[in-house]
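Student: I would like to go through this model with you, beginning with how its helices pack. Could you take my questions one at a time?

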Amino acid sequence: MELFTNQVLAGISTGAIYACMALAVVMIYQAIDHLNFAQGEMAMFSTFISWQLMQWGVPYWWAFLITIAVSFAGGILIERLLFKPLAKAPVLTNVAGFIALFAIVNSVAGLIWDFTIKQYPTPFGSSAFLGSQLISTHQAGMIGVTLLMLVGLYLFFQFTRIGLAMRAAAALPESARLVGVNTSWMIALGWGMASAIGAVAGILIAPVVFLEPNMMGGVLVYGFAAAVLGGLTSPLGAVVGGFLVGVFENLAGTYIPGVGNELKLPIALALIITVLVFKPAGLFGRAIVKRV
Amino acid sequence: MSAAAEDTVTEAPAVEAVPKRAMTLGTGTSLVILAALLVTPVFVKNFVVFQMTMVMIYGIAVLALNILTGGSGQFSLGQSAFYALGAYTSAVLMENFNVNYALTLPIAGLVSFGAGYLFGKPALRLSGIYLALATFALAVAMPQLLKLHFLEQWTGGVQGLTVMKPDAPFGLPIGQDKWLYYFTLVIALAIYLGSVNLLRSRSGRAFMSIRDNEIAASAMGVDVAQYKTLAFGVSAAITGIAGGLSAIVVAFVAPDSYTINLAIALFLGMVVGGVGWLPGSFVGAAFIIFVPNIAESISKGLSGAVFGVLLFLVIFLVPHGARQVAIVAQQMLGNLRKN
Amino acid sequence: MLATLRTAAISAAVGAFLCTSGPAFAQKKYDTGATDTEIKIGHIVPYSGPASAYGVIGKTEEAYFRMINENGGINGRKIKFISYDDAYSPPKAVEQVRRLVESDEALLVFNALGTPSNTAIQKYLNAKKVPQLFVATGATKWNDPRHFPWTIGWQPSYQSEGRIYAKFLLKEKPDAKVAVLYQNDDFGKDYLKGLKDGLEGKASMIIAEASYEVSEPTIDSHVVKLKASGANVLISITTPKFAAQTIKKAAEIDWKALQIVANVSASVGSVLKPAGFENAQGLLSAAYAKDASDPQWQSDPGMQKFFAFLDKYYPEGDRLNSSVVYGYGAAQTLAKILEMCGDDLTRANIMKQAANLKDFTPDTLLPGVKINTSATDFAPIEQLQMMRFSGEKWDLFGEVISGELSH
């Protein structure tokens, strides 16, 4: 029983990482109806920027704020420069663009900061949380911040005009334009926000996994998986999905004999596919009815 | 007021149609290219022959993806899984059961067909981004499946399997590389012609109707489920054959050879070549083999970034891939002929 | 007529004398890739992709040969170091090596990295009789001169390191309860085999094993699971990022087990500092090379040469990165072999000299660790010394041990 609780708690801690990333994924999906493969790399790059600022002596919270602002602006810039010209191009070409962006960001980060791991500080400390030896204060802080972001996003989409405009632009761009929404800038805004959320995710994740250019590769897959599981239209779903994936993966690894340990990721992904087969829009997603 | 969101499918389908006549190259161009392919190995070094063989093999794999995505409109980021399956089938049969290398290819194709068909069934309910993710999951899982402990005695586990490279048959006096080149060329041609035929046939039209508007197709009586799984199966089979060929030509298989990077590369090959345009598969294959080398020669430390920039250049200039270039060339030739 | 005959006879005699003399007087003999003025060295390493952290090895070696060239080359010949990216993908490795051999016409292939890539190219290079020198992986199978006479390793094999830890445990902690965390690839599995072989009959000391994939973001949950097994010794067969995570997590969950970490992850700068020195106290490992961050080597003549090299030829290189130290040592070994060849730069002679190293000590190896090879021993470095982490550095202890069972 103790092993079970341990693994569940450990799963929740790793799940927090996935949940964080999943929020950024859902954010970009809300804006552009697609998954951006380069999301993880952009988050990594932002985290490096904050690290570099701290190396130059900037205190943690200032570095944090500056990085969020820079990431927001950077996201908008990337969209305007690289993806606006592709707006009329086929979807698959856009996906190729995401892949190209991934390659560029990863390579540039590797050149500037090389591939050795770097320690990244946490504002929450690393001691045991509430005496439990399984969750550190940092991981508890991570869960807390993720939940805060979730609430913030929910409020943004439900109760602000811009949030409403963004949802409209993503769901029915032509109708949205008819009522005066500048859909093009909504997309740019979505990119900026996704980039900022990604930066927060990266900053929270780095203390656990250590900062290096390849740190987000594995996380992104889990982030996608969690977002899909929870429903790509639902930030709440993304967070719940993240925790579920983390816990399930650990339990599968511990209790499925033989292959459990070797096939953690495939099993997690198989779970998601199974859920999708029965609930194609994810656990919390709204079912989409297609009309011709 | 229902909770479900309604999505009226009014905007362009995710994968755009390629007009049937433009699906292949003109007869004249095809013959010229074929002649060039037949003759070139005589004049170049063995290493270049090897590279050309690899271009053809990747071209076959991209062609398979073109049938699946460009033909039936199903996204797949998981072709590397079927490629790996075909490669390992060939390698295991050759090394553990002494099967002749040429015979392993149809078997690899059959095994991959089975896998593709089986995967296609549950994937029926998924589309677009969800299908892409499911196939992505398959591609990510494949290397780990190949490393499984209890399969090690056949697959060689993480160490992989070295394969004996075959010599030309009947004691023909041509080297291994040249022989494998012609062997691959014949197979590539057969698959290419077969695929063109498939896409022009009833099944092909069924695929394309599903791609363009699945609901309408279903309303018109197309057995959507059957054709979608068939498309997966056929595409997987062709990819499996490509994988088997690669096992023979590279003479080595290992889980690290078939990572998600391969699936992404094949996808890029399809986009660069022009989605749905079968001849473009080989252009795309050439892109994914040669452009990384070019990027590396420009800058070793930033090879990834240079590759990304080159890729961006290509998709900015020709968002529809090589097919766009071919259309422009055709138009120019047409204008020239007129004058 | 008689005069010409006599001249011919004298020339023949002189020629015969020259042929039978030592290497310094031998006639110049070249294979493709070597000339009077140049030696072409082929090299592949991942500069991109998941293993790009090892790209610095290529950069270090390129800088080393630049230094050699600026100091006159080897026996008057300049080194042309041709290095390509294999992205840690076996098919790419095959393509690049074929390019090196058939297109660039390199004399030999040096220090290719990774077991998959090297396995892919091994048959080809042996069939073409091109030396596959100083393979940059510790897999045990490179020491097989009978089947692969053109392939030779360099660093201590993973199995021999595993055996050394096993012997240490048998001697110092015979009733230890051991948990093993290993990377699920050739590196991890080879190590584990060495460990189990070294424990001989007492392999039951290992009460828990957990493997992880490189694609996993964090191995924290594996550490939690291993702690639950009740083990009091943790053997961490991990690469740097995961080693750091393990050290940190074990400290966080207050797991007071004795931790042994693999040599590849023993770097003070790249692993222990990020993990936190306070978490790494009492950590054990083994080494064959000097750690540049260790103050005891600051005035060591070999390391001073290394630091001078870095300052002049590779200033952006991080001396605390063990890959940089590695590249220097391997390059130095190759330079030695080429020097020993003199004017006979045939591939056969290169292998002959590679199999003829006697007590060679590159600048960067620990005192007492020597490179020895012979026609039946293609494992140049076989010795390691164990060390314990204390304060902010490693303290070597015990003797230099050979990890081989037969030597």
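Student: How do the axes of α2(B) and helix α11 (residues 260–273) of chain B cross?
Tutor: The two axes come within 9 Å and cross at roughly 75°. Axes here are lines fitted to C-alpha atoms, for helices over the stretch in contact, with angles from 0 to 180 degrees between N-to-C directions. α2(B) and α11(B) are therefore roughly perpendicular to each other, a label for angles of 65 to 115 degrees, whereas under 35 counts as roughly parallel, over 145 as roughly antiparallel and the rest as oblique. Helices and strands are DSSP runs (H or I, at least four residues; E, at least two), numbered from the N terminus.

Student: Before we continue, what kind of model is this, and how is it numbered?
Tutor: This is a predicted model, in which local features need pLDDT of at least 70 and side-chain atom pairs count only at pLDDT 80 or more, while totals for chains, interfaces and linings use all residues. Residues are numbered from 1 along each chain as its sequence is written, and chains are lettered from A and ligands numbered from 1 in the order in which they are written.

Student: Which residues of α2(B) and α11(B) meet?
Tutor: From α2(B) come B:Y58, B:A61, B:V62, B:L65, B:N66 and B:T69, and they meet B:L266, B:F267, B:G269, B:M270 and B:G273 in α11(B). That contact has seven nonpolar, four polar and no charged residues. Contact requires C-beta atoms, placed from the backbone, to lie within 7 Å. For the classes, Ala, Val, Leu, Ile, Met, Phe, Trp, Tyr, Cys and Pro are nonpolar, Asp, Glu, Lys and Arg are charged, and the others, Gly among them, are polar.

Student: Is α2(B) mostly covered or mostly open?
Tutor: Mostly covered, with 23 of its 26 residues buried. Buried means that 20 or more other C-beta atoms lie within 10 Å of the residue's own, exposed means 12 or fewer, and partly exposed is in between, with C-beta atoms placed from the backbone. After α2(B) comes B:G73, with a positive phi near 75°.

Student: What about α1 and α8 in chain A?
Tutor: Helix α1 (residues 2–32) of chain A and helix α8 (residues 183–209) of chain A have axes that come within 8 Å and cross at roughly 175°. They are therefore roughly antiparallel to each other. Their contact has 19 nonpolar, three polar and no charged residues. Among the residues that meet are A:I17, A:C20 and A:M21 in α1(A), and A:M186, A:I187 and A:W191 in α8(A).

Student: Now the interfaces. How many residues of chain A are in contact with chain B?
Tutor: 41 residues of chain A are in contact with 45 residues of chain B. On the chain A side, α4 (91–113), α9 (216–230), α11 (264–278) and β3 (288–291) each supply at least two residues. The largest share, 14 residues, comes from α4(A). By class, this side divides into 32 nonpolar, five polar and four charged residues.

Student: And which elements of chain C touch chain A?
Tutor: 29 residues of chain C are in contact with 34 residues of chain A. β7 (206–212), α7 (220–228), α8 (240–252) and α9 (268–275) of chain C each supply at least two residues of that side. The chain C side has 10 nonpolar, 10 polar and nine charged residues.

Student: How does the length of helix α3 of chain C compare with the expected span?
Tutor: The 14 residues of α3 (residues 90–103) should span 20 Å at 1.5 Å a residue, and the end C-alpha atoms are 19 Å apart, which agrees. The expected span is 1.5 Å times one less than the number of residues. Since 12 of the 14 residues are buried, α3(C) is largely enclosed by the rest of the structure. C:E105 follows α3(C), with a positive phi near 55°.

Student: Where is C:K129, and is it buried or exposed?
Tutor: C:K129 is found in the loop between α4 (115–128) and β5 (132–133) of chain C, and it is partly exposed, with 13 other C-beta atoms within 10 Å. Its phi is positive, about 60°, although it is not a glycine.

Student: Finally, what confidence does the predictor report for the complex?
Tutor: The predictor gives an ipTM of 0.87 and a pTM of 0.89. The mean pLDDT (the predictor's confidence in each residue, from 0 to 100) of chain C is 88, and 93% of its residues reach 70 or more. However, pLDDT stays under 50 over residues 17–25 of chain C.

Methods. Contact = placed C-beta atoms within 7 Å.
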